[in-house]
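Here are my notes from a pass through this one, in the order I'd raise them over coffee. Have a look at the model first, then read on.

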Amino acid sequence: MVHDAPSVWNPANVVTMLRIAVVPVFAMALLADGGHTVGGRVLATGLFVLAAASDRLDGWLARRSGQVTDLGKMLDPIADKLLVGSALVLLSWLGDLWWAVTVLVLLREVGITVMRFFLLRYVVLPASRGGKLKTVLQAVAISLYLLPLDHLPAFVGWLAAAAMGVAVLVTVLTGLDYVRDAVRIRRAAGVPPAAGL
């Protein structure tokens with residue numbers, strides 16, 4: 001008996017698409033009137049937190065309803081990287097976050113995504129516990145940096161910097177962990193570690 005494939009227009013995929021659609025609205029809110037108004041920063045923070053929190057929702061909906069689709073698997077990480085990447089780039093553009101942090105995080109994210117693509121011929125490399133922790137830490141750190149820190153007590157800025165420091169450290173360590181797993185998988189498949197990566 002042949003079962004119909006789930007529709008790509010299922011609730012989980014719609015949530016993912018809405019997360020992608022929020023990104024330009026978030027960017028406009030953050031950049032409003034030079035990027036340092038209290039109202040614009042609060043709105044941008046709220047949109048970012050809402051979009052980041054819904055990351056869990058789409059996966060839960062897909063599994064609960066048995067409507068996991070290839071489109072959903074492709075769009076979910078794209079939505080994550082668009083949201084985090086745009087937030088980091090805009091914060092650096094506004095002078096609130098060192099460009100070194102943004103470049104380091106984006107290089108890791110793009111690098112691991114490309115590596116996963118090349119590994120698809122052998123295995124789907126799932127998100128590790130560390131990878132999931134990294135996502136949460138990045139979301140928390142970025143949310144703190146999005147706040148109107150100029151109008152808040154100094155300790156909030158220190159907290160934001162500390163959170164970002166931890167997020168960057170975990171981002172790098174989990175990236176190295178994924179590379180180690182990739183090398184192990186390729187060796188098990190009889191492929192030299194340097195070939196194709």
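1. Start with the loop that joins helix H1 (11-31) to helix H2 (38-65), since Asp-33 sits in it. This is a predicted model, so read the backbone angles here as computed values. Asp-33 has a phi of about 50 degrees, a positive value, even though the residue is not a glycine. Most residues other than glycine have a negative phi. Asp-33 also counts as exposed, because its relative accessibility of 71% is over the 50% cut-off.

2. On the overall fold: the chain has six helices and zero strands. Going along the sequence, the pattern reads α-α-α-α-α-α. Of the contacts with a separation of 6 or more, 73% join residues that are 24 or more positions apart.

3. Now burial and surface. The chain has 197 residues, and 39% of them count as buried. Its accessible surface is about 11,300 Å², with 72% of that belonging to carbon and sulfur atoms.

4. The helix pair I'd look at is H4 (residues 99-119) with H6 (residues 154-188). Their axes are 10 Å apart and the packing angle is about 20 degrees. Angles under 35 degrees count as roughly parallel, so H4 is roughly parallel to H6. As for handedness, H4 and H6 cross in a left-handed way.

5. Which residues of H4 and H6 make the contact? On the H4 side they include Val-101, Leu-104, Val-105, Ile-112, Met-115 and Leu-119, along with Arg-108, Glu-109 and Arg-116. From H6, the list includes Met-164, Val-168, Val-172, Val-179, Ala-182 and Ile-185, and also Thr-171, Thr-174, Gly-175, Tyr-178 and Arg-186. Sorted by class, the contact of H4 with H6 comes to 13 nonpolar, three polar and four charged residues.

6. One more residue while you have H4 on screen: Val-103 belongs to this helix. Is Val-103 buried, exposed or partly exposed? With a relative accessible area of 43%, Val-103 is partly exposed, because that value falls between the 20% and 50% cut-offs. If you want a partner to display with it, try Gly-85: the C-alpha atoms of Val-103 and Gly-85 are 9.6 Å apart, and the two residues are 18 apart in sequence.

Conventions:
Residues numbered from 1 in each chain as written. Predicted model: local features only at pLDDT ≥ 70, side-chain atom pairs only at ≥ 80, totals over all residues. Heavy atoms only, no water. Axes fitted to C-alpha atoms, helices over the stretch in contact; angles between N-to-C directions. Helix = DSSP H or I, 4+ residues; strand = E, 2+ residues; numbered from the N terminus. Parallel < 35°, antiparallel > 145°, perpendicular 65-115°, else oblique. Left-handed = near helix turned anticlockwise from the far one by under 90°. Contact = heavy atoms within 4.5 Å. Nonpolar A, V, L, I, M, F, W, Y, C, P; charged D, E, K, R; others polar. Buried < 20%, exposed > 50% of the residue type's maximum accessible area, 1.4 Å probe, protein only. Areas by Shrake-Rupley, 256 points an atom, 1.4 Å probe, with all protein chains shown as cover.
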